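Thanks for coming, everyone. I'd like to walk you through one structure today. Please have a look at it first.

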Amino acid sequence: MSSRFDSVPHRRQIIDRRAVSERLAALEACDAAALRRAATLELKAALDAGRAEIARRLAEHPSRGHETAAAGAFLIDQLLRLLWDFTIERLHPNHNPTAAERMTLIAVGGYGRGEMAPHSDIDIGFLTPWKVTSWCEQVIESMLYSLWDMQLKVGHSSRSLDETVRQAKADVTVCTALIEARYIWGDTELYEEAAARFKAEVQDGNARGFIAQKLAEREVRHKRMGDSRYVVEPNVKEGKGGLRDLHTLFWIGKFAYHVREPAELVAAGLLTAQEYRQFRRAENFLWAVRCHLHLITDRAEDRLTFDVQREIAERMRYADRPGMSKVERFMRFYFLQAKVVGDLTGVFLAHLDEKFAARGARFGLPRLFRSPRKLKGFVLERGRLALPRDDFFREDSVRLIEIFQLADLHGLEVHPLAMRAAARDAKLVDDVRNDPRANALFLDVLSSPRTPEMVLRWMNEAGVFGRFVPDFGRVVAQMQFDMYHHYTVDEHSIRAIGLLSEIEKGTLKEDHPLATGIFRQIASRRALYVAVLLHDIAKGRKGDHSILGAEVAERLCPRLGLTPAETETVAWLVRWHLLMSATAFKRDLADFKTILDFAGHVQSPERLRMLLVLTIVDIRAVGPGVWNSWKRQLLSDLFDAAEEVLRLGHKQKGRTERIAAKQAALADALGWAEPRLTVLMKRLPEAYWIAEPLDVLERNARQIDAAGDAPLSIEAQVYPERGATLVTVYASDHPGLFYRIAGAIHVAGGNIIDARIHTTRDGMALDNFLVQDPLGRPFDEESRLNRLKEAIADALTNRAKLSERLKARPAPRPRSDAFAIEPNVFIDNSASNRFTVVEVNARDRPALLYHLAHALFQSKVTIHSAHVATYGERAVDTFYLTDLIGDKIEGAPRLKTIERRLLDAAAGEVNTAQAA
């Protein structure tokens with residue numbers, strides 16, 4: 001028995017080969033086809049029983065990844081041997097095989113390594129000395145049909161020795177699979193000949209080319225999977241810091257150093273004994289997670305999605321702790337293991353560099369064309385910052401910070417062996433946390449005008465960052481269990497610093513013209529950098545992370561060397577870092593009280609500028625696809641309005657002046673005769689002129705004019721400035737109009753992100769909706785725009801039963817079911833002088849706005865505007881309401897009724913048929 005399966009105890013309980021062989025020998029059938037079918041059924045029963053036993057063992061010992069993976073490969077080995085013997089003895093006997101009919105069955109790829117998850121592909125190869133003979137073809141075909149009949153996914157090849165060597169030389173994928181080749185059954189001499197030829201003709205002398213190809217392959221894979229090991233839905237196999245990265249290390253070690261088992265990497269000098277233990281621990285954990293994933297999903301699933309994270313955490317017996325749920329603790333451990341894989345990769349590549357890289361060139365690393373002179377005792381080793389001796393950090397612990405400051409200052413990379421030493425000695429930095437020189441060096445790195453993101457990430461990888469700033473150490477690998485945040489807290493914060501640096505340099509001017517333009521006016525850039533670093537520092541603690549984070553800032557900033565004024569600014573920014581986005585996305589910016597309240601909080605133009613930039617980088621660092629032009633426009637509008645209030649105080653234009661200015665601008669844009677324009681102006685109420693921007697006023701005016709006396713007019717046009725489609729409905733006003741339009745837009749596949757509802761003085765409704773598709777893009781194809789208009793027309797003219805069409809639409813995001821979100825309703829009569837503001841927090845689901853709007857219709861209130869913000873699985877819908885005669889809603893019983901109806905609608909406890 002191969003020693004690689006020694007870790008699997010009680011192997012006969014998984015499969016008793018002798019017993020199965022006896023049952024196969026007892027089979028009788030009238031022909032070969034029937035006999036093969038009978039044997040396949042017998043082997044399938046053994047496969048199912050073996051898999052059930054492996055699953056039982058994993059449930060009993062949920063952290064034994066190596067054992068489970070090895071047990072899976074052991075089971076397949078035995079089945080293949082049984083099938084081989086049965087095929088050549090009973091189905092296609094050949095009592096006197098020629099030399100050309102010798103054949104060997106080998107395992108390749110992951111299966112060859114002796115590791116298999118429950119639903120992994122079975123990669124096998126049939127080796128022959130020369131061209132495959134007809135008898136060999138019959139055996140191969142029969143075995144493959146049997147394996148397919150057992151519902152196994154088989155990757156297979158049949159090659160002669162010459163073909164094997166030729167293809168291994170030509171294709172790195174074939175070469176990689178054959179590195180892992182392992183004898184299963186058949187002619188042993190043929191296998192040994194193949195192994196000898198592979199070593200002599202493929203491996204020897206070709207290590208450098210193979211290493212370069214595998215590292216290039218790795219880079220492509222990381223980019224495809226999301227180039228961070230801190231993606232909150234990681235791919236356990238292919239993602240950065242996953243199993244494939246460990247496999248790559250082993251492949252390279254096997255190819256370049258001829259190691260047969262991972263343990264031999266220590267003897268080869270590639271890893272220390274401690275690092276090898278880390279290798280095994282990380283690999284064991286990742287295999288356990290992957291095996292649980294396959295069993296839960298009942299397929300070869302390697303992406304650790306939200307809907308399975310909770311179940312795996314329970315299976316692996318994680319428990320809740322104060323401030324951290326079991327799933328967050330499980331995922332934190334996952335990310336820490338991914339970090340270990342990254343550290344090991346760096347050390348491993350450093351050794352390869354020394355042995356195989358050509359002079360002046362390094363694997364996957366940039367060349368350096370200049371040599372800085374002042375290195376404070378550090379040395380340059382082939383263009384990288386290295387240590388002159390092993391105890392260099394122990395001599396002066398400040399050097400643990402200084403090495404990264406020098407790397408940033410001179411544009412150098414830190415040598416992986418220096419990173420290894422920094423990780424080993426990171427605890428020494430505890431002694432210099434209060435050292436002014438160490439804090440000044442750290443602040444230099446954090447607020448560097450060069451590449452702070454990259455150097456801070458190196459500090460984090462080495463473990464120095466979290467030791468020097470313990471509050472940051474608490475959020476390292478801290479995930480946020482929601483669909484909004486794509487990265488762990490530490491990765492999110494470091495990415496935000498990178499985005500801040502890019503905005504300052506002007507490289508994101510096209511995306512952020514306002515932020516880029518005002519950055520030069522910010523007086524304390526280092527306070528802004530510190531605030532960006534600390535804005536989420538208190539995530540994962542009990543309580544409001546903004547308030548707790550401000551307390552951390554007040555304690556930490558003086559230590560970093562910030563002045564009292566800078567400390568106050570940082571603490572304020574951390575405390576209110578969500579204020580600007582909450583105001584812009586959840587409130588009506590056309591209501592002047594919103595602007596006054598916001599400006600009253602901010603109090604100074606300097607804070608406003610810093611808060612805008614912090615808000616932008618915070619949103620963008622959440623992940624790809626979260627930032628869009630609609631958010632940019634809302635934040636710009638809020639900034640401009642608040643800046644005017646802060647700059648002019650009470651001197652800004654009054655309501656009447658602003659209406660007159662907009663009407664004059666509209667007259668210029670339309671170029672209409674005065675009588676025609678006067679008729680339009682008299683029909684529209686004051687609130688309309690305040691609420692809508694000039695470009696919407698112009699579009700509305702032309703639509704109203706074109707509609708004439710028609711009872712219904714619908715326009716849908718792309719609105720690029722807002723990253724959405726503007727849908728305007730001009731119709732005879734009647735109760736329930738808004739909820740019907742909302743339902744129709746959902747039926748057409750749209751999401752409403754903003755709505756403004758107006759009624760003309762002669763009883764016509766003029767409603768403007770901003771609509772996006774489910775991916776956050778505008779509807780821009782003519783066919784989709786027409787479908788949108790038709791759906792609204794059908795709903796308003798009762799041509800189609802809206803409730804039935806809503807039921808027919810499938811739920812687009814069932815993964816949100818993994819999150820428990822209790823609906824909440826907040827009613828605020830102080831946020832606006834004219835309206836009652838109602839905010840609904842609920843799980844985002846199809847037609848949520850429709851159901852909420854219907855609940856408000858039943859409550860006999862008037863909706864004046866609606867604002868929709870989504871944060872992953874969570875939706876926040878805000879409504880500006882009055883009663884039917886236009887007054888605020890004051891009575892407590894009535895407010896309680898509205899709250900109850902909205903809670904029922906948010907929780908899905910409404911009858912869709914009623915809401916038609």
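I'll go through rings, one helix, a loop and some strands. Keep in mind that this is a predicted model.

Let's start with the aromatic rings. How many aromatic pairs are there? The count comes to 20. One of them is phenylalanine 285 with phenylalanine 333. Their centres are 4.9 Å apart, and the planes meet at 80 degrees. That makes the pair edge-to-face, because angles over 60 degrees fall in that class. This pair bridges distant parts of the chain. Phenylalanine 285 belongs to helix 13, residues 273-297, and phenylalanine 333 to helix 15, residues 326-356. In sequence they are 48 residues apart.

Is each ring buried or exposed? Phenylalanine 285 has a relative accessible area of 6%, so it is buried. Phenylalanine 333 comes out at 31%, so it counts as partly exposed.

Now a second pair. Tyrosine 739 and tyrosine 850 have ring centres 5.8 Å apart. Their planes sit at 55 degrees, so this pair is tilted. Again, distant parts of the chain are linked. Tyrosine 739 is in helix 36, residues 737-747. Tyrosine 850 is in helix 39, residues 848-858. The separation is 111 residues. Both tyrosines are buried: tyrosine 739 has 4% relative accessibility, and tyrosine 850 has 1%.

Back to phenylalanine 285 and phenylalanine 333 for a moment. They belong to one aromatic cluster, together with Tyr318, Phe330, Tyr334 and Phe335.

Rings also sit under charges here. Arginine 658 places its charged end over the ring of phenylalanine 592, 4.7 Å from the centre. Arginine 784 does this over the face of phenylalanine 779, with 4.4 Å to the ring centre.

Next, helix 31. This helix covers residues 629-648, which is 20 residues. From first C-alpha to last it reaches 28 Å. The expected value, at 1.5 Å a residue, is also 28 Å, and the two are close.

Look at how helix 31 begins. A side-chain oxygen of asparagine 628 comes within 3.2 Å of the backbone nitrogen of tryptophan 630. And at the other end? Glycine 649 follows the helix, with a positive phi near 60 degrees.

Which residues of helix 31 are buried? The list includes Trp630, Leu634, Leu635, Leu638, Phe639, Ala642 and Val645. Ser629, Lys631 and Ser636 are on it as well. What do the buried residues pack against? There are four helices to point to: helix 24 (513-519), helix 28 (579-586), helix 29 (592-602) and helix 30 (605-620). Strand 10 (751-759) and strand 11 (764-772) are partners too.

Strand 11 deserves its own slide. Nine of its nine residues are buried, so the strand is largely enclosed by the rest of the structure. In a regular strand, side chains alternate between the two faces of the sheet. Check that here. Met764, Leu766, Asn768, Leu770 and Gln772 point one way. Ala765, Asp767, Phe769 and Val771 point the other way.

Who pairs with strand 11? Strand 9, residues 724-732, runs antiparallel to it, with eight bridges. Within that pairing, serine 732 has methionine 764 as its bridge partner. Strand 10 is antiparallel to strand 11 as well, over eight bridges. There, arginine 756 is partnered with asparagine 768. Strand 10 and strand 11 make a hairpin, with four residues between them. Glycine 763 sits in that turn and has a positive phi of about 85 degrees.

There is also a three-stranded sheet to show you. The sheet is open, ordered 5-6-7, and its pairing is mixed. Strand 5 (379-381) and strand 7 (413-414) are the edges, each pairing on one side only. Strand 5 pairs with strand 6, residues 384-386, in the antiparallel sense over three bridges. Leucine 380 stands opposite leucine 385 of strand 6.

Last stop, a loop. Asparagine 235 lies between helix 10 (207-225) and helix 11 (243-257). At 15% relative accessibility, under the 20% cut-off, asparagine 235 is counted as buried. What does its side chain reach? A polar atom of that side chain lies 3.0 Å from the backbone nitrogen of lysine 237. The side chain also reaches the backbone nitrogen of glutamate 238, at 2.7 Å.

That's the tour. Happy to take questions.

Key: Residues are numbered from 1 along each chain as its sequence is written. This is a predicted model: local features need pLDDT of at least 70, side-chain atom pairs count only at pLDDT 80 or more; totals for chains, interfaces and linings use all residues. Side-chain values use heavy atoms; hydrogens and water are left out. Rings of Phe, Tyr and Trp (its six-membered ring) pair if their centres lie within 6.5 Å; planes under 30 degrees apart count as stacked, over 60 as edge-to-face and the rest as tilted. Buried means under 20% relative accessible area, exposed over 50%, partly exposed in between (1.4 Å probe, protein chains only). A charge sits over a ring if NZ of Lys or CZ of Arg is within 6 Å of the ring centre and within 35 degrees of the ring normal. The expected span of a helix is 1.5 Å times one less than its number of residues. Contact means heavy atoms within 4.5 Å. A polar contact is a pair of N or O atoms within 3.5 Å; within protein, one must be able to donate a hydrogen and the other to accept it, and residues adjacent in sequence count only if both atoms are side-chain atoms. Two strands pair if DSSP finds at least two bridges between them.
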